[in-house]
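Biologist: Could you take me through this structure slowly, as you would for a student in the first year?

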Amino acid sequence: MSGMMRQGAGMTSARTRDRLIGRLREQGIRDEEVLAALASIPRHVFVDEALATRAYEDTALPIGHGQTISQPYIVARMTAALHASGPLARVLEIGTGSGYQAAVLAKFAGHLYTVERVGGLVRAARQRFQALRLGNISVRHGDGCEGWPEEAPFDAIIVTAAARAVPTALFGQLKEGGRLVVPVGGEVQELLLYRRRGTAMAFERLGPVNFVPLLPGGIV
Ligand code: SAH
């Protein structure tokens with residue numbers, strides 16, 4: 001192994017990852033199973049090699065196509081909200097991006113379905129899931145505003161792009177009691193956790209967030 005590679009491995013080592021987990025714990029993430037899940041997924045695998053040394057900073061990073069991999073704190077927050085609120089046998093994600101949130105959430109899911117509109121991101125995410133032997137994730141190249149009707153209903157849905165209005169199709173694909181976590185807004189966004197009660201959707205506010213927009217219609 002070359003010196004360069006050893007240095008690279010050092011920057012993305014388990015110890016570097018542990019420091020990030022410690023920071024997340026300090027920032028109020030209390031769910032130790034969620035922290036363990038983040039510790040078990042190598043985030044540097046989900047970004048370009050040039051950014052690998054920054055993978056364990058608690059920041060969003062560019063993944064190409066004008067998109068970003070979410071900040072670890074936000075991934076932890078959203079995962080913890082779903083983990084605390086009920087079963088996760090069948091879970092749908094809208095906005096695969098790098099695949100990092102899907103990989104973390106798949107630790108808690110029976111099966112994780114994820115939809116992404118950008119073909120290049122779909123292919124890269126599939127390769128990462130295969131390399132990490134995450135066998136319970138299916139990726140679809142499609143418009144997430146339509147959900148994944150063939151696989152519905154879901155125990156939970158997570159949207160990882162900001163919606164000005166929550167696509168109504170998603171509500172219809174939740175089981176009774178199912179939860180939907182979604183950033184809502186434009187310039188100013190708030191994370192909402194919905195729960196389906198019959199034909200009604202109740203929600204609670206989880207705080208301000210800052211996501212790239214959920215784009216309506218059309219795949220690329
Ligand atoms: N969960 C990702 C972060 C995704 S960023 C991660 O962990 O890396 C938001 C993603 O949503 C982008 O990849 C973007 O292409 C995708 N997206 C935006 N609008 C979409 C839509 N209508 N359907 C599917 N994916 C969409």
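Modeller: What follows is a set of questions and answers about a predicted model, taken one topic at a time.

Biologist: How much space lies in the largest pocket, in Å³?

Modeller: Rolling a probe the size of a water molecule over the atoms shows where empty space is left. For the largest pocket of this model, the space computed comes to about 530 Å³.

Biologist: Which residues that line this pocket are the closest to its centre?

Modeller: The lining of the largest pocket is made up of 34 residues, and five of them are picked out by where they lie relative to the centre. The closest to that centre are Thr-68, Thr-160, Ala-161, Phe-211 and Val-212.

Biologist: Which element gives the largest share of the lining of the largest pocket?

Modeller: Several elements each supply at least two residues of this lining, including α4 (72–84), β3 (90–94), α5 (100–106) and β4 (111–116). The largest share, however, is 3 residues, and those residues come from β2.

Biologist: Where does the ligand sit, and which residues come nearest to it?

Modeller: The ligand sits in the largest pocket, and the elements that give two or more residues to the shell around it are β2, α5 and β4. There are 27 residues around the ligand, and the ones that come nearest are Ser-98, Glu-116, Asp-143, Gly-144 and Leu-215.

Biologist: How many residues of the shell around the ligand are charged?

Modeller: When the residues of this shell are divided by class, 11 of them are nonpolar and 12 are polar. The remaining class in that division is the charged one, and its count is 4.

Biologist: What percentage of the ligand's accessible area does the protein cover?

Modeller: Start with the polar atoms: a nitrogen atom of the ligand is 3.1 Å from an N or O atom in the side chain of Glu-93, while a nitrogen atom of the ligand is 2.7 Å from a polar backbone atom of Gly-144. A backbone N or O atom of Leu-215 also lies 2.6 Å from a nitrogen atom of the ligand. On its own the ligand has 580 Å² of accessible area, and the share of this that the protein covers is 99%.

Biologist: Which peptide bond is cis?

Modeller: Most residues other than glycine have a negative phi, and most peptide bonds are trans. Pro-153, in the loop between β5 (137–141) and β6 (154–159), takes part in a bond whose omega is near 5 degrees, and this cis bond runs from Ala-152 to Pro-153.

Biologist: What is the phi of Arg-133, and where does Arg-133 lie?

Modeller: A positive phi is also found at His-65, where the value is near 60 degrees, and His-65 is in the loop between β1 (61–64) and β2. Arg-133 lies in the loop between α6 (119–131) and β5, and although Arg-133 is not a glycine, its phi is positive, at about 55 degrees.

Notes: Residues are numbered from 1 along each chain as its sequence is written. This is a predicted model: local features need pLDDT of at least 70, side-chain atom pairs count only at pLDDT 80 or more; totals for chains, interfaces and linings use all residues. Side-chain values use heavy atoms; hydrogens and water are left out. On a 1 Å grid over the protein atoms alone, a cavity is a set of points where a 1.4 Å probe fits but cannot get out, and a pocket is an open set with protein on both sides within 12 Å along at least five of seven lines; lining residues have an atom within 4 Å of a point. Grid points are joined across faces, edges and corners, and a volume is the space filled by probe spheres set on the points. Helices (H or I, at least four residues) and strands (E, at least two) are DSSP runs, numbered from the N terminus. A residue is near a molecule or strand if one of its heavy atoms lies within 4 Å of it. A polar contact is a pair of N or O atoms within 3.5 Å; within protein, one must be able to donate a hydrogen and the other to accept it, and residues adjacent in sequence count only if both atoms are side-chain atoms. Accessible areas come from the Shrake-Rupley method with a 1.4 Å probe; for residues, only the protein chains shown count as cover. A molecule sits in a cavity or pocket if more than half of its atoms lie within 2 Å of its grid points. Ala, Val, Leu, Ile, Met, Phe, Trp, Tyr, Cys and Pro count as nonpolar, Asp, Glu, Lys and Arg as charged, and the others, Gly among them, as polar.
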